[in-house]
Amino acid sequence: FPDAVAERMFDVANVSNGSMLGLFTSYRVLERTYKLFVERGWGDRTIKQGEMPRTQLVQRLKDEPGTVLLGTESFWAGIDVPGQALSVVVIDRLPFPSPEDPMVDAYEDLHGSKVFKEYSMPRAIIALRQGFGRLIRSTKDRGAVVLLDRRIVEKGFGKSFLKSLPVKTIST
């Protein structure tokens with residue numbers, strides 16, 4: 001999966017000529033993707049979480065057309081990049097909470113088998129909407145969100161995710 005994500009993100013970056021935010025649920029997959037971008041000559045245009053403070057990374061995405069920014073959880077919300085500086089957001093997986101998350105354990109202890117439907121899925125839907133919202137910051141913004149997780153079309157719960165999104169979606 002990490003290699004496939006890295007390849008698809010690279011493909012999208014080539015088609016969009018950068019101006020891309022890659023959102024990850026795993027540092028391991030982020031690192032693999034960054035490595036592939038560097039190996040293929042995009043090292044000067046690709047920045048990742050941890051290289052510098054978040055505000056500086058976001059500013060570079062805004063200031064340098066064609067930049068690719070790769071980040072995990074803290075980049076899914078709270079960053080604002082209006083206009084053409086960001087034309088595509090690529091999301092590696094649906095952002096379900098980790099099964100090792102103590103809150104998941106606590107909810108399961110209290111509510112048993114309802115943990116997925118009543119806790120994990122609503123949290124993932126909110127996080128996906130936040131990640132999706134990084135792209136459209138004003139009425140003039142245009143672009144695409146690419147979700148690399150096939151579960152959104154292959155699993156029954158995928159319909160709940162699609163219905164929650166604020167714009168028309170196309171699934172393949």
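Which residue in S3 is the bridge partner of Leu 21? In S3, that place is taken by Leu 69. The model behind this is a predicted one, in which local features need pLDDT of at least 70 and side-chain atom pairs count only at pLDDT 80 or more, while totals for chains, interfaces and linings use all residues. Residues are numbered from 1 along each chain as its sequence is written, and side-chain values use heavy atoms, with hydrogens and water left out.

To start with the overall layout, the protein has seven helices and five strands. Helices here are DSSP runs (H or I, at least four residues), as are strands (E, at least two), and both are numbered from the N terminus. Reading from the N terminus, the order of elements is α-β-α-β-α-β-β-α-α-β-α-α. Of the 172 residues in the protein, 44% are buried, where buried means under 20% relative accessible area, exposed means over 50%, and partly exposed lies in between (1.4 Å probe, protein chains only). Among contacts (heavy atoms within 4.5 Å) with a separation of 6 or more, 67% are between residues 24 or more positions apart. The protein exposes about 9500 Å², with 53% of that supplied by carbon and sulfur atoms; these accessible areas come from the Shrake-Rupley method with a 1.4 Å probe, and for residues only the protein chains shown count as cover.

Back to the strands. S1 (residues 20-23) and S3 pair in the parallel sense, over four bridges, pairing being called if DSSP finds at least two bridges between two strands. Leu 23 of S1 also looks across to S3, where it stands opposite Gly 71. S1 pairs with S4 as well, again parallel and over four bridges, and there the bridge partner of Leu 23 is Ile 91. Leu 23 thus has a partner in S3, Gly 71, and another in S4, Ile 91.

In a regular strand the side chains alternate between the two faces of the sheet. On S1, Met 20 and Gly 22 point one way and Leu 21 and Leu 23 the other, and all of them are buried. S3 (residues 68-71) is likewise covered on both faces, with Val 68 and Leu 70 buried on one side and Leu 69 and Gly 71 buried on the other.

S3 has a further parallel partner in S2 (residues 46-48), to which three bridges join it. Thr 46 stands opposite Val 68 in this pairing. Helix H3 (residues 54-63) joins in too: S2, H3 and S3 make a right-handed β-α-β unit. Right-handed here means that, with the strands pointing away from the viewer, the path from the first strand over the helix to the second runs clockwise.

Now for the packing. A nonpolar core is taken as a set of buried Ala, Val, Leu, Ile, Met, Phe, Trp, Tyr and Cys residues joined through side-chain atoms within 4.5 Å. The largest one has 27 residues, and Leu 69 and Phe 161 touch the most other members. S1, H3, strand S4 (88-91) and helix H5 (115-132) each supply at least two residues of this core, and H5 gives the largest share, five residues. Leaving out residues up to four places away in sequence, Phe 161 touches Leu 94, Phe 96, Met 121, Ala 124, Ile 125, Leu 128 and Ile 152. Apart from this core lies another, of 19 residues, including Phe 10, Met 20, Phe 24 and Leu 36.

Some loop residues deserve a word. Thr 72 sits in the loop between S3 and S4, and it counts as buried because its relative accessibility is 5%. Its side chain makes a polar contact of 3.5 Å with that of Tyr 27. A polar contact is a pair of N or O atoms within 3.5 Å; within protein, one must be able to donate a hydrogen and the other to accept it, and residues adjacent in sequence count only if both atoms are side-chain atoms. Beyond its neighbours within four places in sequence, Thr 72 is in contact with Phe 24, Ser 26, Tyr 27, Leu 30 and Gln 49.

Most residues other than glycine have a negative phi. Asn 17, not a glycine, has a positive phi of about 55°, and Ser 19 has a positive phi near 50°. Asn 17 lies in the loop between helix H1 (2-16) and S1, and Ser 19 is placed in the loop between H1 and S1. Asn 17 is partly exposed, with a relative accessible area of 48%, whereas Ser 19, at 8%, is buried.
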